[in-house]
Amino acid sequence: MKTAVEELSPTRVKLTVEVPFKELESSLQAAYKKVAQQVRVPGFRPGKVPARIIEQRFGRAVVLEETLNDALPKLYGQAVDETDVFPVSQPEIEVTKLEDGEQVEFTAEVDIRPAFDVPDFAGLEVVVGAAEVTDEDIDAQLTGLRQRFATLTGVERPAATGDYVVMDLRAEIDGKNLDEQQAADVSYEVGAGSVLQGLDDVLQGMSAGDEKTFRTTLVGGENAGEEADVIITVKSVKEKVLPELDDDFAQLASEFDTLDELKDGLRGQIRRNKLIEQVMESREKALDALLEKIDIPLPESALTAEVDARKHNLDHEIAESGLSREAYFRLYQTTEEERFAEYERNAAKALKAGFVLDKIVKAEDLGVSEQELTDFVVRRAMQLGVAPNTLAQHLADNNQLPLAMMEIVREKAKTIVGDAASVKDEAGNVVDLKAIYAELNPEQEQVGAEQAGDEPEQPAES
């Protein structure tokens, strides 16, 4: 087999592949067997029709077509392996010459990763957040804990922001009740920001037993997007009562016996979290700084695929939410145009970063051990709330293990870039990543990319 590469643009090439017909022998025999299974010829059992009978009855062209269908993907893959190209899209293959018994020639146009060099990234200057733990940090954690253990107590007064109300709701259009737009005994925090525009304003000042009607746009169901009258009946108003900050609370909310011990525990956990944030931020910002030093043309098809994948996920999220498209974007305080523009920026950055990290992976000869793959699956399963074995089987069944391994080695490459940077915090203090690794994992000299990137433990459980 002989392969020639023609550069059509910095991101697209055409491979011209010449193959002696004898190299198609295995595909030719497989084609005869497949056709024999599909055709019915009197006097022969399915799959037992001789080759000469197939050619007499159905023609040689049928067999040759099946032969090429089987052979071309393999030959294309072989041609890619023999050349210094990195495809990022599906090829457009065209058979340009077919001399039966002699030779086959085909071309394959495909978008590729452009050629570029990774500049020296040692000493990239990066500024990250400080790891100092302040009293405000501890107070914020304590407030969060108190919120988790708060109780709701009924009050005989109008509802205010932060109160909880229990209410019945129903909607009408032109006086006609909408059966699917009604709900009973709904608990809601006033001021939480309902997708039902106007709800928070109406609830302000309502007391138990009050009923009000307001006009708004429905956000879900068959009448989504239509104007309707929504009738609210408040059944009760409750205020959130936070527990006192004392030793009893420390025992209730944690493993500690005193409030001072709880604060010390929170201080240690907050510091650990901030150190982890410094590590992750240094890697992200070092990679960003490296990307700024490189100008890479991006293959249009790969960029479009990245954006389309994000749009598809968005459509799925909106459908799962049960909201209208307008209500969904209103809930997240954005617009469809803004979200799409964000997708285009992020897709371009992700594609460029992937190209650069893949180069570093190859230069550093990075690989994935079985233990690293297992650890990755376990962590991802915890994030998704599924059993590790279930996720592992899903990855294997859907041929996604190579993608998981690529994610692991890219994270390793990002770690190399981050570790080579010159890191300071916002106050100008030098951030020693190796010292952070030692503090986070005192039993190891240095944590790997995944260990340092583990999700921090929840302070309440420390």
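**Charges and rings in a predicted model**

Let me begin with one pair of side chains, Arg157 and Asp163, which form a salt bridge in which the closest N and O atoms are 2.7 Å apart. Please keep in mind throughout that what we are looking at is a predicted model. As a general background, side chains of opposite charge can pair when their charged atoms come close. In this first pair the two partners are not covered to an equal degree, because Arg157, at 28% relative accessibility, counts as partly exposed, whereas Asp163, at 6%, counts as buried.

How many salt bridges does a search of the whole structure find? The search gives 27 of them, and I will take you through a few.

One of them joins Lys74 to Asp70, and here the closest N and O atoms are 3.2 Å apart. If you find these two residues in helix 3, which covers residues 60-82, you will see that they are 4 residues apart, so about one helical turn separates them. Lys74 is exposed, since its relative accessible area is 52% and the word exposed is used for values over 50%. Asp70, with a relative accessible area of 27%, is partly exposed.

Another salt bridge is the one in which the side chains of Glu411 and Lys414 meet, with 3.9 Å from N to O. Both residues lie in helix 13, which runs over residues 401-419, and they are 3 residues apart, again about one turn of the helix. Is Lys414 buried or exposed? Its relative accessibility is 12%, and because buried means under 20%, Lys414 counts as buried. Salt bridges can also share partners, and in this model such sharing joins Arg12, Glu92, Glu109 and Asp111 into one network.

Let me now turn to charges on the surface. A patch of negative charge is found there, where Glu244, Asp246, Asp247, Asp248, Asp257, Asp260, Glu261 and Asp264 gather. Which elements give two or more residues to this negative patch? They are helix 6, residues 247-253, and helix 7, residues 259-292. Of the elements, helix 7 gives the most to the patch, with 3 residues. As one example from the patch, Asp247 lies in helix 6, and with a relative accessibility of 38% Asp247 counts as partly exposed, because that value falls between the 20% limit for buried and the 50% limit for exposed.

My last topic is the aromatic rings, of which the structure holds 4 pairs. A pair of aromatic rings is described by the distance of the centres and the angle of the planes. Tyr328 and Phe329 make an edge-to-face pair, with 5.7 Å from centre to centre and 85° between the planes. Both partners are covered, Tyr328 being buried with a relative accessible area of 4% and Phe329 being buried with 6%. Tyr328 also pairs with Tyr332, and this second pair is tilted, with centres 4.9 Å apart and 50° between the planes. Why is this pair called tilted? The reason is that its angle of 50° is neither under 30 degrees, which would count as stacked, nor over 60, which would count as edge-to-face. Tyr332 itself is partly exposed, with a relative accessible area of 48%.

If you look at these rings together in the structure, you can follow how ring pairs link Tyr328, Phe329 and Tyr332 into a cluster.

Note on methods. Residues are numbered from 1 along each chain as its sequence is written. This is a predicted model: local features need pLDDT of at least 70, side-chain atom pairs count only at pLDDT 80 or more; totals for chains, interfaces and linings use all residues. Side-chain values use heavy atoms; hydrogens and water are left out. Patches are made of residues with over 30% relative accessible area and no salt bridge: like charges are joined within 9 Å, nonpolar side chains (Val, Leu, Ile, Met, Phe, Trp, Tyr) within 5 Å. Accessible areas come from the Shrake-Rupley method with a 1.4 Å probe; for residues, only the protein chains shown count as cover. A salt bridge is a side-chain nitrogen of Lys or Arg within 4 Å of a carboxyl oxygen of Asp or Glu. Lys and Arg count as positive and Asp and Glu as negative; His and the chain ends are not counted. The place of a charge is taken as NZ of Lys, CZ of Arg, CG of Asp or CD of Glu. Buried means under 20% relative accessible area, exposed over 50%, partly exposed in between (1.4 Å probe, protein chains only). Rings of Phe, Tyr and Trp (its six-membered ring) pair if their centres lie within 6.5 Å; planes under 30 degrees apart count as stacked, over 60 as edge-to-face and the rest as tilted.
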